[in-house]
Each structure stands twice: as structure tokens, then as C-alpha cells.
Amino acid sequence: MEPFTVTPTKKFAVLGAAAEGLIMVALIGIYLFVLPADSRSLWMVIVPFMLVGIAQAFVILNSQSRKLTVTADQLTLEQGILQKNRQMINLDKIQDVGVEQGFLERLLNVGTITIQSASTVGALRLASIDAPTEIANKLLAYARQANRK
């Protein structure tokens, strides 16, 4: 079986960028057309833009800080940006793979995958995964194949 890698979706980062754009257009509109000229301050636009930009950067960095790699016999979850944490599970130790999706997540085909194992690692959770049901089925197929060896 071919190794594969799963990373969190970038859909929420794109939605966040679109929301940031709408917020900025609204703030600039209020700044130019609603506020009297004598009470305007450039900080009224710059500070919210910076705060929303920082929040957006956090969402992007958080989504890039997790990676699940599956090979023919092992699953490895790597997490962290400055400090890396790696958890490894032999595929023959996987007992169950579950998928959780809220309403918005179902619309976007995104969800959280939970991997239950008999190893000392216990359960692993990986949030914001594209096509979570397909990934869960693929993980279970790999686990079944590993149990046949």
C-alpha cells in the first residue's frame, strides 16, 4: 500500500481571509463615509486590520503545524511549530477510527478524525481534515492489511 500524508484543510484560512477583506472594506467605508472628518484617526483602521491579520496568521500556522503520515506498517502524527511532538502507532494496534462533523463542517466536507489504538499513545485526534470519511476508511483498510501480516 502506498504511503500517504494528511494535513489540516486550508478552507478555514481562505474563509478567514475573505472575512478579513469584508471587515476591512466595512471599516474603511465607516471611516470615510460615516465618521466626521475631524474625528477620524488612521489607528481606527490600522489596529483592527492588524488584530484580524494576527488571528489569520495564527489560523494558518496552526493548520500547518500538524501532519499525519501513514506508511504500510506505521502511523505518525507530528505536531508543533517550534517544538515538534511525534506520536507513532503501529497500524496493527489501531482499534477504531471515528469521524466527527458539525453542520458547517459537513457542508465543507471537513471533520475531526479520532484514531483509537491499543498502544500506550491511546487516542489521537486530528481536526479540520478534508474528506474525513474517506481518510478514515483508508486508515481502517491499512490497519486491516497490517493485521493480516
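Which residue in strand 7 is the bridge partner of Ile 115? Select Ile 115 and find out: the partner is Leu 124.

Some ground rules come first. This is a predicted model, where local features need pLDDT of at least 70, side-chain atom pairs count only at pLDDT 80 or more, and totals for chains, interfaces and linings use all residues. Residues are numbered from 1 along each chain as its sequence is written, and side-chain values use heavy atoms, with hydrogens and water left out.

**Stop 1: the three-strand sheet**

Stay with Ile 115 and select strand 6, residues 110-117. Strands are DSSP runs (E, at least two residues), as helices are (H or I, at least four), numbered from the N terminus. Strand 6 pairs with strand 7 in the antiparallel sense, over five bridges. Two strands count as paired if DSSP finds at least two bridges between them. Now show the whole sheet. It is open, has three strands and runs in the order 5-6-7, with antiparallel pairing. Strand 5 (94-100) and strand 7 (124-130) stand at the edges with a single partner strand each, so one side of each has no neighbour in the sheet. Neighbouring strands here are turned by 20° against each other on average, direction ignored. Such angles lie between axes, which are lines fitted to C-alpha atoms.

**Stop 2: the four-strand sheet**

Select strands 1 to 4 next. They form an open sheet in the order 1-2-3-4, with antiparallel pairing. Strand 1 and strand 4 (85-90) are the edges; each has a single partner strand, so one side of each is left without a neighbour in the sheet. On average, neighbouring strands are turned by 15°, direction ignored. Zoom in on strands 2 and 3, which pair over five bridges in the antiparallel sense. There, Val 70 has Leu 75 of strand 3 as its bridge partner.

**Stop 3: the core**

Keep Val 70, Leu 75 and Ile 115 selected, and add Leu 68, Val 97, Ile 94 and Leu 139. Of the 22 residues in the largest nonpolar core, these touch the most other members. A nonpolar core is a set of buried Ala, Val, Leu, Ile, Met, Phe, Trp, Tyr and Cys residues joined through side-chain atoms within 4.5 Å. Buried means under 20% relative accessible area, exposed over 50%, partly exposed in between (1.4 Å probe, protein chains only). Elements giving two or more residues include strand 2 (66-70), strand 3 (74-79) and helix 4 (132-148). Helix 4 gives the most, with seven residues.

**Stop 4: helix 1**

Finish at Ile 28 in helix 1, residues 11-34. Ile 28 is partly exposed, with a relative accessible area of 40%.

Technical notes:
Axes are lines fitted to C-alpha atoms, for helices over the stretch in contact, and angles run from 0 to 180 degrees between N-to-C directions.
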